[in-house]
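This report looks at the empty space enclosed in a protein and at the covalent link within its chain. Please keep the sequence and the structure at hand while reading.

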Amino acid sequence: MGRRAGIGAAVSAALVVGLGAAVVLPWPSVEREPVSVTAQPRPTASTLSCVGPVLAAGRNAADAGQLADAADSEISAATGVGALEATTARLAAPDVAGGAGPEALEALPVDGKRTDLAAAGSTTVSDEDLRGFAASSCAPPRLESWIAGGSGTTGAADLLLIANPSAVAAEVSLTVYGAQGATEPAAATGIVVAPRTQRVVPLATVALGEESPVVRVTSSGAPVQVSLQASITRTLVPGGVDQVGVTAAPATRQVIPALSVVAAPGQAGASESATVLRVLAPSSDTEARVVLTPLGGGSTVTDTLPLLAGVPAELELGSLARNAYRVEVIADEPIVTAAWTTTGFGAGSDFAWHTAPAALNVPSLVAVAAGPSPKLTVSNDSDAAARMRLTGPDGEQEITIEAGSSARVAVQSGAVYSIDGGGARLRANVTYYGPGSLAGYDVVPADAASEPVVVFTQ
């Protein structure tokens with residue numbers, strides 16, 4: 001019995017020692033690297049939505065708020081080399097009495113690659129209550145857009161246009177930045193945009209009394225294409241019309257490749273500046289540095305503009321001489337910007353909003369809408385000179401653009417061009433000027449193919 005107890009004690013001691021060693025010594029382990037599989041999503045169709053006809057309000061005596069088509073737009077469009085032609089369809093326009101609706105274009109992939117697609121439209125209206133020339137690019141729908149333009153004051157009849165070219169409904173909300181900062185009025189939330197439909201929201205319903213609003217548009221369910229129709233009447237005399245696209249998302253550096261200043265400085269009878277720059281810092285106080293460089297040579301103009309978070313500010317540039325200018329706005333905090341200019345303030349005048357384009361990091365198509373004396377201006381935001389290849393109806397030409405400068409060339413109305421910056425960071429816009437006509441729009445970057453998706457498995 002005593003021997004049995006001794007053996008038991010020895011076994012117990014050995015077990016305790018073994019357990020202690022197991023705690024101290026590392027257990028053998030097996031390390032397995034995750035297995036990764038790279039999958040390339042199938043390319044989808046390229047989709048663009050256009051702004052549509054110029055709209056007029058107040059033409060129905062029984063319903064002053066009713067909207068109607070004033071003039072349809074003429075569309076110029078093209079796809080990349082070797083691609084099929086785009087298909088075109090009209091979106092419904094339930095907010096416009098008898099409205100034709102804007103056009104939406106779609107180009108299917110070819111040989112497993114996304115198809116380049118570009119389109120732009122223009123229109124001229126010459127009515128007693130509305131007149132001017134408008135041009136705009138057709139743009140892909142987005143989940144977030146920024147509109148830096150327009151007014152909610154007396155005399156302005158500005159309209160926010162929200163188009164959904166997809167087959168899924170979208171729910172849209174607007175954040176309005178004004179004199180009191182960022183607000184979300186009741187009429188600006190939960191806006192349902194049905195599939196293949198364009199909705200119209202009068203800017204005054206969400207920004208009444210705001211002289212220099214900026215609107216952030218966000219969408220869920222489906223991306224939307226957003227634009228602004230701006231028009232003004234001065235003592236019953238129409239003072240122009242414009243179709244304004246989105247401006248670049250907030251960044252510490254924004255560039256407008258070309259701003260056309262056509263009114264003489266201190267023009268007689270003008271009660272406001274002929275050129276105004278609007279800037280917003282959405283989230284933080286900062287100071288913007290503004291640099292205006294005349295294209296073709298001349299003295300650079302610089303200025304500064306203090307900014308309060310969420311409150312748009314404007315810089316009047318009424319002393320600028322007639323010329324085209326490259327506009328650069330730099331700040332320590334992200335900003336959005338756009339510039340307004342006019343041909344004058346009397347009968348027969350017109351105006352245009354010039355926005356900051358997104359960067360063209362890949363070869364892109366440019367559709368030139370029909371209009372007077374169109375000019376294509378390309379800005380080089382890279383740190384070194386860029387060699388750009390511009391291909392159009394007259395063949396190919398190579399243009400060197402120095403760092404921080406713009407190149408400006410005349411282009412053919414209604415034609416389509418290709419821009420290849422060889423990887424340089426370029427931005428571009430198209431501008432128009434003629435008697436009583438002023439307009440401009442950004443060149444939209446080509447839709448890049450979907451990035452490869454990497455899936456990790458254990």
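How much space lies in the largest cavity? The model is a predicted one, and in it the largest cavity holds about 190 Å³ of space.

**Overall make-up**

The protein has 458 residues, and 48% of them are buried. Its secondary structure consists of two helices and 34 strands. Among contacts between residues at least 6 apart in sequence, 77% join residues at least 24 apart. The accessible surface of the protein is about 20700 Å², and carbon and sulfur atoms account for 54% of this area.

**Cavities**

Rolling a probe the size of a water molecule over the atoms shows where empty space is left. Searching the whole structure in this model gives two cavities of 30 Å³ or more. The table sets out the volume of each and the classes of the residues that line it.

| Cavity | Volume | Nonpolar lining residues | Polar lining residues | Charged lining residues |
|---|---|---|---|---|
| Largest | about 190 Å³ | 15 residues | four residues | three residues |
| Second largest | about 30 Å³ | five residues | three residues | one residue |

The lining of the largest cavity is made up of 22 residues. Nearest to the centre of this cavity are L48, L117, A118, L365 and V444. Four strands each contribute at least two residues to the lining of the largest cavity: β2 (46-49), β8 (117-126), β26 (364-367) and β33 (437-442).

Which residues line the second largest cavity? They are P53, L55, D69, A93, V96, G99, G101, P102 and Q198.

**The disulfide**

A disulfide is a covalent bond between the sulfur atoms of two cysteines. The whole structure contains one disulfide. It is formed by C50 and C138, whose sulfur atoms are 2.0 Å apart. The two cysteines come from distant parts of the chain, with their positions 88 residues apart in the numbering. C50 sits in the loop between β2 and β3 (54-57), while C138 sits in the loop between β9 (131-137) and β10 (144-148). The link of C50 and C138 is right-handed, with 100 degrees about the S-S bond.

Are the two cysteines, C50 and C138, buried or exposed? Both C50 and C138 are buried.

The strand β2 thus appears twice in this account: β2 supplies at least two residues to the lining of the largest cavity, and the loop between β2 and β3 holds C50.

Note on methods: Residues numbered from 1 in each chain as written. Predicted model: local features only at pLDDT ≥ 70, side-chain atom pairs only at ≥ 80, totals over all residues. Heavy atoms only, no water. 1 Å grid on protein atoms, 1.4 Å probe; cavity = no way out; pocket = protein on both sides within 12 Å on 5 of 7 lines; lining within 4 Å. Points joined across faces, edges and corners; volume = space filled by probe spheres on them. Nonpolar A, V, L, I, M, F, W, Y, C, P; charged D, E, K, R; others polar. Disulfide = S-S within 2.5 Å. Buried < 20%, exposed > 50% of the residue type's maximum accessible area, 1.4 Å probe, protein only. Contact = heavy atoms within 4.5 Å. Areas by Shrake-Rupley, 256 points an atom, 1.4 Å probe, with all protein chains shown as cover.
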